[in-house]
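Hi,

Here is the structure I said I would pass on. Have a look at it first, and my notes follow below.

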Amino acid sequence: MTQFSLPLAPATSVHELDRDDVESYYIPGGKVYERFFECPLDYRQSQSSQRICVFARHIVPLGKENQMHKLPFILYLQGGPGFECRFPGSVKSGWYATAIEENYQILLVDQRGTGLSSPINANTLKHSTVAAQVEYVSHFRADNIVRDCESIRQILCQGRTDPELQKFALLGQSFGGFCITTYLSMFPSSISRALITGGVPPLVDRPDPVYQATYQHMIVRNQQYYAKYPRDVARVRAIIKHLNFVDVALPDGGRLSPRRFQQLGLSFGFTGGFDSVHQHVLRAASDLETAGCLSTHTLAAISADQDFDTNPLYCILHESIYCQNGNASNWAAHRIRKEHFADQFEHRWDHIERRDDPNLPVFFTGETVYPWMLDDYAELRKLKDVAHGLAEYTGWGQLYDTDVLAANTVPVAGVSYYNDMFVDFSLSERTAQSIKGFHQWVTNEFHHNGLAVSARVPKYLFQLLKGDITDL
């Protein structure tokens, strides 16, 4: 695997928080420290020479720079899998401001394989065999993400005498909530409190039950979309017909197939998603009406809204987040679609044309990955073999310990969005009920990205943990 030369924490007696060689700068509301940590690739062989780099953006509230050794940490775990933490630009609003109000300093960790943390892509994997690539990438799931965070906690909290200040508070969005549940299973004594937004995971051993549920949610969201934009029924049918008969190349070398166009429905899971998809549809239909082909502007905009090339783990490791006990994913979403939902999500024009009702809408898909993506996406093509290898991989271990969760003593609060298209509410509710002391907030006020669109979400969860909410 490709090795990276990054400013890792040196093996000295100087505390990580006291290092004077760490790059730092100010943003509105805080001072940022960019920290790099060296971690084992495989914690079962922690003395092995195979190491990875894990990057953490450390933000200290403005005016409290000299209190780093005393302020408690809140660690944010990003959604995904396969996405790095976004640079905040400011910590004077959103959940950042709430965390600072709660007297925390903030850690934004790029989970292993993403961002500046030994990123996985075609370039970093190209110098090894497919078997070695599969083995390497298999170490980039939630269990090892959690072990990285625990290693960082031990470094940053070293020397603290108050047991509570030696712990991390956790905030996890979507897949970040999956990671928190793994953290609660593995290192509960290291956590002071945990907040989960849209990410109470289904405690399943394989992905099939997840997609059997979420395809149903996709159908509902499609119906709601076309109810809002009824003229898009004809527009989308025209676009799908065009893509069935014309091989459309994207500016980055990918291919806009009918099935890839349907993947724009991923946005249906977010607030404002209907409107963003409608803009793509409107522009594409206008292109076809005026020029008979799709413009570079339209194609570039569609490609920019699809993250699978820039964040390939989101595809190649996606279904493995549901795999335990040696179960392979075997392209579960593809199988479930073909076996149970082929008619609803049909993409072939000759089949669409033969429907009894010629005006039925063509449905978009959601947060699902498919083997054909390895042909349609330019960067994923280069990872085709390793992606298939991971889909067939049976070496997945346990991510959750149900006995530990049932005996949990860590204060935990989570919000489950009733209409969440990505994380099935019923499956999440079962998990919440299986974690002792879990404070669950259920709402239909937000979609999956509630944390990003409203500061009320983190505030409400903190209030839940304080016992400040009495109307439950």
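How many bridges join β7 to strand β8? Before the answer, one caution: this is a predicted model. Four bridges link β7 with β8 (residues 412–417), and the two strands run parallel. One spot to look at there is Thr 197, which stands opposite Val 415 in β8.

β7 also pairs with strand β6 (residues 168–173), again in the parallel sense, over six bridges. If you want to find that pairing on screen, start from Phe 168, whose bridge partner in β7 is Ile 191. Between those strands comes helix α5 (residues 175–186), and β6, α5 and β7 together make a right-handed β-α-β unit. As for the surroundings of β7, six of its seven residues (191–197) are buried, so the strand is largely enclosed by the rest of the structure.

Next, the cysteines. I can tell you that a search of the whole structure turns up zero disulfides. Take Cys 179: the closest cysteine sulfur is in Cys 149, 7.4 Å away, and that is too far for a bond, because a disulfide needs the two sulfurs within 2.5 Å. Cys 179 is buried too, with a relative accessible area of 0%. Cys 315 is likewise in no disulfide, with the nearest cysteine sulfur, that of Cys 323, 14 Å away. Cys 315 counts as buried as well, at 2% relative accessibility.

Then there is a loop residue that I'd like you to see. Asn 311 sits in the loop between α10 (296–304) and α11 (313–316). Is Asn 311 buried or exposed? Buried: its relative accessibility is 8%. Its side chain reaches the backbone oxygen of Gly 82 at 3.0 Å. Leaving aside neighbours within four places in sequence, Asn 311 is in contact with Gly 82, Phe 83 and Glu 84.

Last, the nonpolar cores. The largest one has 119 residues, and Val 137, Phe 261, Ile 316 and Phe 364 have the most contacts inside it. Helix α6 (residues 208–228) gives the most to this core, with seven residues. For a feel of the packing, try Phe 261: not counting residues up to four places away in sequence, Phe 261 touches Val 236, Ile 239, Ile 240, Leu 243, Leu 256, Val 281, Ile 302 and Phe 364. Apart from the largest core lies another, of 30 residues, including Ile 100, Tyr 417, Val 457 and Leu 461.

Cheers

How values were computed
Residues are numbered from 1 along each chain as its sequence is written. This is a predicted model: local features need pLDDT of at least 70, side-chain atom pairs count only at pLDDT 80 or more; totals for chains, interfaces and linings use all residues. Side-chain values use heavy atoms; hydrogens and water are left out. Buried means under 20% relative accessible area, exposed over 50%, partly exposed in between (1.4 Å probe, protein chains only). Two strands pair if DSSP finds at least two bridges between them. A crossover is right-handed if, with the strands pointing away from the viewer, the path from the first strand over the helix to the second runs clockwise. A polar contact is a pair of N or O atoms within 3.5 Å; within protein, one must be able to donate a hydrogen and the other to accept it, and residues adjacent in sequence count only if both atoms are side-chain atoms. Contact means heavy atoms within 4.5 Å. A nonpolar core is a set of buried Ala, Val, Leu, Ile, Met, Phe, Trp, Tyr and Cys residues joined through side-chain atoms within 4.5 Å.
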